[in-house]
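Visitor: I would like a close look at the nonpolar core of this model. Please go on from there to the parts of the chain around it.

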Amino acid sequence: MDFERARFNMIEQQIRPWQVLDQDVLDLLFVVKREEFVPPAYSRMDFTDMEIPLNIDGKTTGEVMLSPKVEARLLQALAPRKHESVLEIGAGSGYMAALLAHRARRVVSREIRADLAGFAAANLKRAGIGNAAVEHGHGLQLADGDQFDAIVLSGSVSFVPETLLQRLNPGGRLVAIVGELPVMTAQLITRNAERQFSTQILFDTVARPLVDFPQTE
């Protein structure tokens, strides 16, 4: 496979037409090699416009990598900056953490599945990314005092828990896919003050739910 041609086609035919116009994001997609984060069993699907199953060593995890255009659109909306700390919930393959690490000072990626946490950590290490750490554990069970400038949920939730919103520093942003099938929307939530938040609806999409997150009654 001509990886660079396939990468170029992914960016120009899938991602840019899907309203990802931030040139820094588009350039970053050339830098972070997506094929290094795709499970070997799906190596011919590195740049396809679809979710890729995260099957590790022949075992099905039930989780997936989001499609490239959704990942890029979420990254564009979050707009992490070089001085910021970022929390990701749902490490998956480590690809989103790698993208975030190039834009932020520090990335913490929480992954509830031990096999995926190990897979993501190994991928990040092999890619030479030193400012992103994968932690095995529930995304809501964070250490006391942990605060972040930006948070991304790499999976869907019925709603964003208040406890997670309180982890944002003032001016912090959170991107998440919120709702239940068949209706979900990607949202950008900004903390404007101590208990004041604003929400922007970004686009319609669907994604698999994060494991063991609260559900709407």
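Guide: What follows starts with the core, moves to the helix and strands that meet there, and ends with the salt bridges. The model is a predicted one.

The largest nonpolar core has 48 residues, and those that touch the most other members are Ile-15, Leu-74, Leu-99, Leu-100 and Val-107. Helix H4, residues 95-103, supplies the largest share of this core, with 7 residues. A second core, separate from this one, holds 18 residues, among them Leu-153, Leu-164, Leu-168 and Val-178. In general, nonpolar side chains of soluble globular proteins tend to be buried together.

Leu-74 is a useful residue to follow. With neighbours within four places in sequence set aside, Leu-74 has contacts with Leu-66, Met-96, Val-175, Ala-186 and Phe-203. Leu-74 is also one of the buried residues of helix H3. That helix spans residues 68-78 and is mostly covered, with 9 of its 11 residues buried. The buried set is not confined to nonpolar residue types: Lys-69, Glu-71 and Arg-73 are listed in it along with Pro-68, Val-70, Ala-72, Leu-75 and Leu-78. After H3 comes Ala-79, which has a positive phi, near 50°.

Some contacts of Leu-74 lead to the strands. Strand E7 (residues 168-180) runs antiparallel to strand E8 (residues 183-193), and 8 bridges join the two. Ala-176 has Gln-187 in E8 as its bridge partner. Between E7 and E8, which make a hairpin, there are 2 residues. E8 pairs in turn with strand E9 (residues 196-204), again in the antiparallel sense and over 8 bridges. In this second pairing, Ala-186 lies opposite Phe-203 of E9, and both of these residues are in contact with Leu-74. E8 and E9 also form a hairpin, with 2 residues between the strands.

Another hairpin lies earlier in the chain. Strand E1, residues 52-56, is mostly covered, since 4 of its 5 residues are buried. E1 and strand E2 (residues 59-65) run antiparallel and are joined by 4 bridges, with Asn-55 opposite Thr-60 of E2. There are 2 residues between E1 and E2, and Asp-57 in the turn has a positive phi of about 50°.

The charged residues come last. The count of salt bridges is 11. One of them joins Arg-7 to Glu-4, where the closest N and O atoms are 2.8 Å apart. The two residues are separated by about one helical turn because they are 3 residues apart in helix H1 (residues 3-15). Arg-7 counts as buried because its relative accessibility is 0%, whereas Glu-4 is partly exposed, with a relative accessible area of 41%.

Glu-4 forms a salt bridge with Lys-33 as well, and here the closest N and O atoms are 3.6 Å apart. This pair links distant parts of the chain: Glu-4 is in H1, and Lys-33, 29 residues away, is in the loop between helix H2 (23-31) and E1. Lys-33 counts as partly exposed, at 24% relative accessibility. Together with Glu-35, the residues Glu-4, Arg-7 and Lys-33 are linked in a network of salt bridges.

A further salt bridge joins Arg-16 to Glu-12, with the closest N and O atoms 2.9 Å apart. Arg-16 is partly exposed at 29% relative accessibility, and Glu-12 is partly exposed at 26%.

Technical notes
Residues are numbered from 1 along each chain as its sequence is written. This is a predicted model: local features need pLDDT of at least 70, side-chain atom pairs count only at pLDDT 80 or more; totals for chains, interfaces and linings use all residues. Side-chain values use heavy atoms; hydrogens and water are left out. A nonpolar core is a set of buried Ala, Val, Leu, Ile, Met, Phe, Trp, Tyr and Cys residues joined through side-chain atoms within 4.5 Å. Buried means under 20% relative accessible area, exposed over 50%, partly exposed in between (1.4 Å probe, protein chains only). Contact means heavy atoms within 4.5 Å. Two strands pair if DSSP finds at least two bridges between them. A salt bridge is a side-chain nitrogen of Lys or Arg within 4 Å of a carboxyl oxygen of Asp or Glu.
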